[in-house]
Amino acid sequence: MKNNIPLKLIIASMAFLIGTACSKEDNDDSKPEEPAQAVNDTILNINYETGEFTSGITGITGTHATAADAVYMASPGSTGKYAVAHKVTLGDDTYFSDGSYRSESDAVSLVKYRYAPGDERRYEVSILLKDWQSWNGTDPAYGDNIFQLKMSDNQLLPLRILTKRNAIVARNYQYQDNLITDYRPYINQWIKFRIDVKWAVDNTGYMRIYAKLPNQSDYKLLLERTNFVTFTGNPAVGNVGYLKWGVYREAGKDANGNVIISDNVLTRIAYHDDIRIIKLPLK
């Protein structure tokens with residue numbers, strides 16, 4: 001039996017199928033999306049949303065200081081519910097650890113979070129200076145370290161970010177430069193830092209430091225150093241690199257390392273959050 005399908009119906013059906021095919025091609029949602037920045041290259045991500053000093057990562061140190069409030073959880077964090085808080089009071093031995101007035105977290109015991117020559121890494125951290133008292137112009141210009149890229153065995157430091165006078169500065173064995181000339185407008189607000197480093201034992205290393213202030217929508221490059229030694233230790237004798245965050249007070253020592261109290265600002269508290277290590281270059 002013949003199928004007597006009207007010619008008009010055949011033409012209409014063909015037009016519908018062609019139109020549908022074109023529409024699917026023009027609006028194809030099945031195309032792979034670009035990968036989110038650094039998601040696959042994130043080595044460490046500490047956001048403290050577990051409400052613990054370790055952020056749920058076994059091996060992260062809270063502090064070596066013995067004071068009950070040398071480290072505690074603060075809320076809210078930079079982007080979530082929690083951040084970690086470190087407190088140091090000069091003259092109180094319970095805030096004195098590892099030879100200095102300090103309360104700092106670190107990741108030195110975890111090999112995968114260390115750095116070595118040849119590594120390229122991005123380090124991110126958000127920092128809040130809690131009720132930070134400004135420099136009064138009469139005290140010595142001591143620094144209060146709030147983030148460090150360290151080297152083991154007392155080797156020269158690759159980087160300290162610290163407050164000095166009323167500025168936030170970057171210091172290492174070779175240079176000291178202002179990052180933020182006046183931090184006072186940003187007290188009790190989150191400042192985000194980003195540090196890109198190529199770790200090298202020769203002059204092929206580089207370091208770039210960025211910041212995003214509370215009134216800024218994106219990071220801005222504040223300091224760039226190229227063609228210099230960034231890994232200041234000796235891997236052949238076991239020197240390793242690692243990061244520390246918290247409060248380390250340079251006040252309280254004289255030129256011979258003897259403990260003195262000469263800073264009228266006795267207590268410092270800093271919050272830290274969103275601490276990340278990311279492999280470079282980004283994929």
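**Entry 1: the whole chain**

I began with burial: of the 283 residues in the chain, 47% count as buried. I keep in mind that this is a predicted model. For secondary structure, I found one helix and 15 strands. Next I looked up the surface, and the chain exposes about 14,600 Å². Carbon and sulfur atoms supply 49% of that exposed area. I also checked contacts between residues at least 6 apart in sequence, and 66% of them join residues at least 24 apart.

**Entry 2: confidence**

How much of the chain scores at least 70 in pLDDT? I noted 86% of the residues, with a chain average of 87. Then I turned to residues 1-38, where pLDDT stays under 50. For this stretch the model has five contacts beyond four places in sequence. A reminder to myself: where pLDDT is low, predicted coordinates should not be read in detail.

**Entry 3: Gly-241**

I picked Gly-241, which lies in strand 14, residues 241-249. Is Gly-241 buried or exposed? I found a relative accessible area of 0%, and because buried means under 20%, Gly-241 counts as buried. Leaving out residues up to four places away in sequence, I listed what Gly-241 touches: Arg-114, Tyr-115, Lys-150, Met-151 and Phe-231. I followed up on Tyr-115, which is 126 residues from Gly-241 in sequence. In space, their C-alpha atoms are 5.0 Å apart.

**Entry 4: Lys-150**

From Gly-241 I moved to one of the residues it touches, Lys-150. Lys-150 sits in strand 7, which covers residues 143-151. Which side chain of opposite charge is nearest to Lys-150? I found Glu-104, at 6.2 Å. Lys-150 is buried yet has no salt bridge. A salt bridge needs the side-chain nitrogen within 4 Å of a carboxyl oxygen, so I could see why Glu-104, at 6.2 Å, does not make one with Lys-150. Beyond four places in sequence, Lys-150 touches Tyr-115, Leu-157, Pro-158, Val-240, Gly-241, Tyr-242 and Lys-244. I was pleased to meet Tyr-115 again, since Gly-241 touches Tyr-115 and Lys-150 touches Tyr-115 too.

**Entry 5: a surface patch**

Last, I went to the surface. Which residues form a nonpolar patch there? I wrote down Val-259, Ile-261 and Leu-266, with about 240 Å² of accessible area together. I looked up Ile-261 in particular, and its place is in the loop between strand 14 and strand 15, the latter being residues 267-279. Ile-261 has a relative accessible area of 43%, so I noted Ile-261 as partly exposed.

Methods
Residues numbered from 1 in each chain as written. Predicted model: local features only at pLDDT ≥ 70, side-chain atom pairs only at ≥ 80, totals over all residues. Heavy atoms only, no water. Helix = DSSP H or I, 4+ residues; strand = E, 2+ residues; numbered from the N terminus. Buried < 20%, exposed > 50% of the residue type's maximum accessible area, 1.4 Å probe, protein only. Contact = heavy atoms within 4.5 Å. Areas by Shrake-Rupley, 256 points an atom, 1.4 Å probe, with all protein chains shown as cover. pLDDT = per-residue confidence, 0-100. Lys, Arg positive; Asp, Glu negative; His and termini not counted. Patch = residues over 30% accessible without salt bridge, like charges linked within 9 Å, V, L, I, M, F, W, Y side chains within 5 Å.
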